[in-house]
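Me: Hey, could you help me get my head around a protein model? Here it is.
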Amino acid sequence: MSEKDNAVEKMAELMALLYYHLTKVMIEDYGEKAKDTIKKAIYNFGLERGKNIARKVIENGEELTIENLDKFYDMPISSVWKGKSEYKNEEKYGTLESCVFARVWIEKNWQEIGRLYCEVDPAIREGYNPDILYTSLKNVLEGDNCCESITKYKDQNKSENE
């Protein structure tokens, strides 16, 4: 693993630990109601990230397509998140075999609350281009052997935000 990949992995571990400790204290202090607050925060975080990615795409004179979301993505996740993507019929099928965040949360027995973080993915798509829909098909935090998802246009005849 390169020095950059090691740095990305360490930052991801620290981000996952920060999320764990913040949410753990929130649940301890505020109980089940804290889950709604966590969900709102993750949604807002995802929307902001998506809007920032969209701004970069537009500044580069590109369209808000699924491919450009990946091309201009804001985290170098391919460095340490092991998976593959396949683009077919204007849809992206993703399989993630390894997730740094999930590894940390499973070690901490924090799968349920960790899974709330995964909702950042549909929020990123919504912030990036409201015509793009992300759906989780499998998730290791729910006991699956990998994470699988599909990203597609809400209107399959529309390949860009008009």
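Below we chat about folds, burial and cysteines.

Reply: Heads up, this is a predicted model, where local features need pLDDT of at least 70, side-chain atom pairs count only at pLDDT 80 or more, and totals for chains, interfaces and linings use all residues. Residues are numbered from 1 along each chain as its sequence is written, and side-chain values use heavy atoms, leaving out hydrogens and water.

Me: Cool. How many helices and strands are in the chain?
Reply: Six helices and four strands, counted as DSSP runs (helices H or I, at least four residues; strands E, at least two), numbered from the N terminus. Along the sequence they go α-α-α-β-β-α-α-α-β-β.

Me: And what does the C-alpha trace span along its principal axes?
Reply: About 45 × 40 × 30 Å.

Me: How much of the chain is buried?
Reply: Buried residues are 41% of the 162, where buried means under 20% relative accessible area, exposed over 50% and partly exposed in between (1.4 Å probe, protein chains only).

Me: Switching topic: how many disulfides turn up in the whole structure?
Reply: Zero, with a disulfide being a pair of cysteine sulfur atoms within 2.5 Å.

Me: Why no bond for C118?
Reply: Its closest cysteine sulfur, in C147, is 6.2 Å away, so that's too far. C118 is also buried, at 17% relative accessible area.

Me: What about C146, buried or exposed?
Reply: C146 is buried, at 7% relative accessibility. Its sulfur sits 6.9 Å from the closest cysteine sulfur, again in C147, which is too far for a bond.
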